[in-house]
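Me: I have a model open here and I'd like to know where the labels come from. Can you take me through it?

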Amino acid sequence: MAMTHISGSDKGDLVLYTLSTCIWCKKTKALLNDLGVQYDYVDMDNLDDDEREKKMEDLKRWNPKCSFPSIVINNEKCIVGYDEEKIKEVIGV
Amino acid sequence: MSYKDTVDLHDIDTLFDTLSQDAESAGYILNPDKEFTKALIRGLIVNQERYGYPSCPCRLADQKKGDDLDIICPCNYRDADLNEHGACYCALYVTRDIADGKRPLKPIPERRPPKEERIKKSRPVESGTTRLSHPVWRYTVCGYLCARENPPEVCPICKAQKERFEEFLINNA
């Protein structure tokens, strides 16, 4: 599978769409790591073409601009960009 | 495809120096947070190596140069984002107040339109009954205009390559 799982405490289902080169994506991962929560992420730039297309279709439903990072929470809502306060609020820390 | 990042620290420093000098000479400011800026420069080098051009490290490249011209750094959206947000999308470039710490740096919303809505080239204005001595070219990155038969190889302001120009005013007299 294309997703990488990072273990930590369970604060809901967090799926991150990220880029390996993006500094705001790195900050987002670092924030979640600091908070010690579990999440799954995919670095879209490191996928092969077919896989990337598929993941882009998934992401488009949440964030039509397909910008990064995008964090999908519990398959319900999406936070676009590194928004520290909103991320903390949504996962309840 | 997975790319193994083997960027040489020396290459990062070299590009950092070049970009700092280019920015300064043209009135732009590179983000003074060196750690942040060098992480972005690493991304530019990775993209140069895997795609053949330094597209924005914070945007997903289509991996076809023709479709990514607008996000080759410096991107076509830099100046508008500097004006509105004080930083470009990835925050490699910032305004003086942010560089001096008088204004906080916040993430910048994406200005680039979705693929279907992107205009690759604007239509040039026609000169009408006026006979121009030369056509006028516009750099899509910084807005620099020059009147000559062909645009320069590299923009003297934004240092973008020739392929980033468009015809701005053409003769039809």
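Reply: Sure, starting with chain B: from the N terminus on, its elements run α-β-α-α-α-β-α-β-β-β-β. This is a predicted model, where local features need pLDDT of at least 70, side-chain atom pairs count only at pLDDT 80 or more, and totals for chains, interfaces and linings use all residues. Residues are numbered from 1 along each chain as its sequence is written, while chains are lettered from A and ligands numbered from 1 in the order in which they are written.

Me: What makes something a helix or a strand, and how many of them are in chain B?

Reply: Helices are DSSP runs of H or I with at least four residues, strands are runs of E with at least two, and both are numbered from the N terminus. By that rule, chain B has five helices and six strands.

Me: How do you know whether the radius of gyration of chain B agrees with a compact globule?

Reply: The radius is taken over C-alpha atoms, and the globule rule is 2.2 Å times the number of residues to the power 0.38. For 173 residues that gives a value near 16 Å, and chain B has 17 Å, so the two agree. Along its principal axes, the C-alpha trace of chain B spans about 55 × 40 × 30 Å.

Me: What makes a residue buried, and which ones in H1 of chain A are?

Reply: You count the other C-beta atoms (placed from the backbone) within 10 Å of the residue's own: 20 or more is buried, 12 or fewer is exposed, and in between is partly exposed. In H1(A), A:Ile23, A:Trp24, A:Cys25, A:Thr28 and A:Leu32 are buried. In chain B, buried residues make up 31% of the 173.

Me: How do you know what span to expect for helix H1 of chain A?

Reply: Take 1.5 Å times one less than its number of residues. Helix H1 (residues 23–35) has 13 residues, and its first and last C-alpha are 18 Å apart, close to the 18 Å expected. After H1(A) comes A:Gly36, with a positive phi near 70°.

Me: What counts as a contact, and how many residues does each chain give?

Reply: Two residues are in contact if their C-beta atoms, placed from the backbone, lie within 7 Å. Chain A gives 17 residues and chain B gives 17 residues.

Me: Where are the domains of chain B?

Reply: The bounds come from an automatic or database domain assignment, which gives domain 1 (9–116) and domain 2 (125–170). Their C-alpha centres lie 23 Å apart.
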